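Hi,

Here is the structure I promised to pass on. Have a look at it first, and then read my notes underneath.

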Amino acid sequence: MSHWIIAPVVLPALLAPLIAFVMRHDMLLARTASIAGTVALLVISIGLTGAALDGTVHVYRLGDWPAPFGIVLVLDRLSAMMVLVTAILALIALVHAVASGWDARGWHFHALFQFQLMGICGAFLTGDVFNLFVFFEVLLIASYGLMIHSGGKVRLRAGLQYVVMNLAGSTLFLFAVGTLYAVTGTLNIADLAVKVQEIPAEDAALLRVAAMLLMIVFAIKAALFPVQFWLPNTYANAPAPVAALFAIMTKVGAYAILRVHTVVFGPHVESLEGLPGDWLFPAAVVTVAVGAVGVLGARRLMPMLSFAVVGSMGTLMLAISAFTPDSALAALYYMLHSTFAAAALFLFADLLLSRRASGDLLHAAPQTIQNGLFAAIFFAAAIGMAGMPPLSGFLGKLLVLDALRDPAEIGWAWAAVLAGSLMTIVGFARAGSALFWKSTAIPDLDIAPGGAAAPLAPEVTPAGPLNVAPVMVAIALLALLSVAAGPVSSYLEATAGQLHDSSDYVDAVLHAPENETSKMETMGHGDDQDDGHGDETDEAGDDEHGDAEGAAAEEEAHDGAAGEGH
Amino acid sequence: MTEGGGFLPIIAMLPFLGALLPGLMIRAGRNVCAVTTAMPTILALVMLAILAPSVFSGEVIEAEIAWLPALGLKASFFLDGLGLLFAGMILGVGLLITLYARFYLAGEDPMGVFYTYLLLFQGAMLGIVISDNILLLLIFWELTSLSSFLLIGYWKHLPEGRQGARMALAVTGGGGLAMIGGMLILGNIAGSYELTEILAETEAIQASDWYLPALILILLGTFTKSAQFPFHFWLPHAMAAPTPVSAYLHSATMVKAGVFLMARLWPVLAGTDAWFYIVATTGLVTMVIGALIALFKDDLKALLAFSTVSHLGLLTMLLGFGTPVAAGVAVFHIINHLTFKASLFMCAGIVDHEAHTRDIKRLGGLASLMPVTFAISTVAALSMAGIPLFNGFLSKELMLEEAAHTTWAGNPQIVGIVATIGALLSVAYSFRFVAHVFLGPVRDDYPHKPHDPPFGMYAAPALLAVLVVLIGVFPAATVEPLVNLTAGAVTGQEMHMHLKLWHGVTPALFMSVIAVVGGAILLGLHRPLDRLWIAMPRPEAKVIFDWIVRQAATVSGRIAEGTHNGAISRYLAIFTAATVVLGYLAWAGGGMAPATREMLPIPPVVGVGWVMLLGATLAVVVMHRNRFRALVLIGIIGLMISAGFVYMSAPDLALTQISVETVTIILLLLALHFMPKETPRESGPALRLRDAVIALGAGGGVAMLTYAFLRRDFSTISDFHLENSYSGGGGTNVVNVILVDFRGYDTFGEIIVLGIAGLTIYALMEALLAGPASRRLRNWDFSRDRSRDRHPLMMVVATRVMMPIAAVVGLYIFLRGHNQPGGGFVAGLVISIALLMQYMASGFAWTQGRQRIEYHSMIGSGVVIAGLTGVGAWFAGQPFLTSAFGYVHLPPIEEFELATAALFDLGVFLAVLGAVMLTLYSLSRIARYAGETVNIGPMDYDPSQPPEEMAREEAERREEEG
């Protein structure tokens, strides 16, 4: 496979320092570079999705080291799709940031944005658990920088909650990775999938702990109960384009669970006895409830949208928790949907709130200029988030309900999703009524008799086409997801199938194809000591060769160590 | 797809496409707008007319478009008698409403928006009645909830409109959600989501264990939509909408959707006891309650609204009886109700429009002022009352007949009696509509002098009134074929109902007579009864509903805000406790093989280190309120960990740990300068106890975990790394080769983390200094903890001496890194410590003036160099970060190794150095904001300079600051 697989990581990784250190004195230059880079990322990700379309699992061996010893990037349908979604969302958020001027309200927006993209793409593409940790760090620190962009007391305080909670998660990630390494001796996902199955139930205690701890780590990112507390304040106080981009951040956690807890700790692993799903399910049910309660009870717009995100993550995790191909399909569809729905809502909120005198309080205030336009956008975006037709949320909800048919789960799951939807609908209806309808009953100050009342905020400008375009595109994508549900779902069906039948994935990662000349085939191989890998990583014919070379290498290595170099 | 099937998707889509037009066409004027709105409706009606003959000949027209096969969702439509009747009603009345609304809406009402909503709603209704796939039906079902929300809230400035719209959405939308569940179960039992296939699975469905849940969930949807008791309350409040909306939603469409669905699913759901007792009883109760309330409503539209509730109850009851004839009667009454109720709504609208009030108590005597309206209203009202020669009589008679034959819980009379009471009340309110509005003396206190409206406004109700009479007199010639066709579609069997005016002397005739006479008497007694009604305490549904919603919102808000209030210590406590508990449960569920490694003996040195580690940790817990002290103690912990690494023969880790420790402690010390030196006591003893328990649990858990895996043998991929470090990576220091080669990609990520951290700190500092924090800093009084000699001579000299040594050590560590403990990371830290010392000794400004490289660029170039080193491999056709190395022999010096890894390591070095220094830069900016003076000389007291010069410099400095 060509080097394009790593382009989504390398491109922003090289662009970001250039923006930060070469172009930081000129906003136009930084904007141009950032948008150009994101467009390039989009083009690349379309190409990658095309490459993954036929079901081939492409493996990129960093440093040309064979798996599982080096780090691999894996491009399959799932990771390609996630990178594509990231690129689309990034472009939407970025255009909004530029059009609204958010990027100029603080330092290093574009550099942090590109680093953030690098972190997200890296997390989606990696085939290694420790590397996933590294990219979690990249995206955490970049997202923290973005979240507190332009500062302000409330935002900094919320940012602290965000970063502290997620650093705690990172610490736990290290414990989990350590435990996993102690049990299996490897961190490559494909290799783990093989090793984990070999562990007998009588010796699975540590493995189970590792699976559970990893799940909690990912759950923090995915904002699952009881570790969702950080999300509402964070999203509510983040700059709008950042909150929109964060729509994919929660999905990183969901993706990680979907990937790791299907391929490595999936239901096929007998010693785990379905442990992840058993705990994910109740957590997801409560998460849906938390989101719904938050939406219904919100007195401000931004927290309301944030709780809606929590609720949608609950629904998504409900679908994931069943760990079947059907439920994975539902989860993936819902994931696509909820990403753009959340983005649309946050971008809308920015359009409105930057033109509204009384901030995001959900009460009647003199109507904004373009009341009708904003009402229409809100109506559409809220329909999307609440899961009403004709946008994709409804189909997503149907898919999720349809996938959760286990008699033990159906009652809770359906009650949670349906009652949650009702509460969300009522909450959104109340909010929309207060924001857009009730405000028309308030006399316009501009036309007050005598002209005594000054215009509320003279600097308020109407939203131009460029301001509105990003949110419109996000909503259009929801409509497109709905109309093109057939083709999309067939791609997702194949994706879910590929995820659940991980043999291709494992084969592709652990068995280098003939034409790929790995460094090891020419210079040595250390498999002879390793009981697990010998027969998987090597063709039989290569064994002798490898052993001979390996022995030679060993000698040389000892030489080097003894003689302190040449 | 059957012949003509192609029309069905077009019919379904036409209103939605048409909805795009009115908003634009309104710019060409109101008439053009109305005509444009009518176009898609007319077009759809024409297509329906083309299909009608085939339907009448018994064909079922079908069409199917694939949509979401994974779910079984198809855009599939079918048209049979039931669909045809409803589609015709929806389109026909839609057309009349379009006409009526053109004249009804006032100049200031945005007409384009109204017509857009109307067409959206029409499309959604049409979709419901011609959907084959029940998931598609659900989509249209929810769309009616949404579009009716917009229609009801059309007058958005009126609180009644907004509240009515929200209530309708909550109730019908909620019912729709329940129905989603019901439909999914139904489809699951039947094995298909296609209605045409589901309808053939009666036995399987009724025998299933899931029948009752499905039935209840679906009925929740239909009852809410069709305003059945106890969900009836939203309907009257939806009357806040403009009258055309009320006429449309509550005569022909929205509320009939529930009835439609019960009729549609009648073959598979009806006939069981559960169906009978739930549906028939609900219908009966609704019929009577609706009629009773209607009688005492003074608002014309409210009277009609409750009468609609009552008639919907009647239809529901008929369907609930479960007999084919009753279902046929229901179909007939659907048609009749449509004609007289739409007509009455429009008349009420005319009265409101002309007299500017709909309050019955302020009206009366309009007969002579508005003769045309009076005539139309009378015809329609008499039909509603069930007076012979009008169509309402026919269906009411048949209904009473069916009721008389129905046994409820072993009691053969009760249904008949209650139904007669309902009919009686219905007669009373129908008479009242005519008597109290149009009859009586002409008054002189109308809010506006009423007269008949223009023709365009009364054309629609008049047409409907004509239909009322035509059907009433010639039922067999007009609607009998349609009724039989539709009833056949509902029941799934051939129906041969004979509709005629005279049925002979039957029990139903007596019941009718009782109802008419009783109704007339009741109207006569209206005044005293009304007083009694007003005096009587009645539960007001809206108040209860509003209370529930408000309470739910308030309680929810309290829960959500209370639990998400930013209490980070609680978040962490929950997280930690959950992790410990879940981790333990996971552990407990699996077995553990016995330990395979012996315990090692504890040498005394290690024991001492261990005690120091524990002691320092405990001391941090005890003394953490004093932040400086805590920092020192943390330093001890870090050192002991480094010592541990040394003991375990991990010199690289030890080196890294020590240098990281040093840098972070120094930076933390600098940061602490700007913060309170004591942590305030914020939690009480109970909280601290909680935290202590959780912390001990977590610590114990981690210890157990570590202990468990330290005592096991396991093989890892590290063996490979040991093996191939030299041959494949060109270095003998495996740790370094892992860092820059085997897992160089991780390192690449980590230096980027450092770089981002530097950027973030810089951006954060800029944001802080722009905010209120900067004011606080400016007012900060540092004088009491400031040293008199901030830049002591000894320190300056010592750091200057150390600088070249440290630089050489850093270079040495960097260069040997590939083969010996060291590397770019440690080297970067060592150099930055050396630089940090310069800054500490002589102050930031002085030092800054003496360095040429910008830290921003240093981080950037570090990341770029590391990245480009990785990219370089591409040109050799190798993957990112593939290393290459070779040995070079230059004559004067020994043979040495050149490796691309070294270049990568250089990137690491630069990024680390840059990040640390940028952090320092940010901290010193804060210091300057806080009023720290900027020093020009390297030290405060320079012995090499004469004192006068010192004084002069001091003066210069002051000048600059001032």
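Below is what I found, going from the overall model to the interface, the annotated spans and a few backbone details.

Some ground rules before anything else. This is a predicted model, so to speak: local features need pLDDT of at least 70, side-chain atom pairs count only at pLDDT 80 or more, and totals for chains, interfaces and linings use all residues. Residues are numbered from 1 along each chain as its sequence is written, chains are lettered from A and ligands numbered from 1 in the order in which they are written, and side-chain values use heavy atoms, with hydrogens and water left out.

On confidence, the model comes with ipTM 0.91 and pTM 0.91. For chain B the mean pLDDT (the predictor's confidence in each residue, from 0 to 100) is 87, and 95% of the residues of chain B reach 70 or more.

Next, the domains, with bounds that come from an automatic or database domain assignment. Chain A splits into domain 1 (3-446 + 463-510) and domain 2 (514-522 + 536-561), and their centres, taken over C-alpha atoms, are 42 Å apart. Chain B has domain 1 (270-560), domain 2 (567-587 + 599-714) and domain 3 (731-962). Between the C-alpha centres of domain 1 and domain 3 of chain B there are 86 Å.

How many residues of each chain are in contact across the interface of chain A and chain B? There are 145 from chain A and 123 from chain B, where contact means heavy atoms within 4.5 Å. The buried area (accessible area, 1.4 Å probe, that two parts lose on being put together, summed over both) is about 11,400 Å², and carbon and sulfur atoms give 73% of it. The interface also holds three salt bridges (a side-chain nitrogen of Lys or Arg within 4 Å of a carboxyl oxygen of Asp or Glu) by the rule. One salt bridge joins the side chains of A:Asp128 and B:Arg743, at 2.6 Å from N to O. Polar contacts link 28 residue pairs across the interface, both residues at pLDDT 80 or more; the term means a pair of N or O atoms within 3.5 Å, and within protein one must be able to donate a hydrogen and the other to accept it, while residues adjacent in sequence count only if both atoms are side-chain atoms.

Now the UniProt annotations, all from unreviewed entries; positions are in the numbering used here, feature names are shortened, and annotations may be inferred rather than shown by experiment. Helices (H or I, at least four residues) and strands (E, at least two) are DSSP runs, numbered from the N terminus.

- UniProt gives "NADH:quinone oxidoreductase/Mrp antiporter transmembrane" for residues 127-422 of chain A; that span is 77% helix and 0% strand.
- "MrpA C-terminal/MbhD" is listed by UniProt at residues 613-677 of chain B, with 83% helix, 0% strand and end C-alpha atoms 24 Å apart.
- UniProt puts "MrpA C-terminal/MbhE" at residues 688-766 of chain B, where helix makes up 85% and strand 0%.

Last, some backbone geometry. The A:Pro389 to A:Pro390 peptide bond is cis, with omega near 5°, and A:Pro390 sits in the loop between helix 14 (371-386) and helix 15 (392-403) of chain A. Another cis bond runs from B:Phe229 to B:Pro230, omega near 5°. A:His108, which is not a glycine, has a positive phi of about 60°.

Cheers
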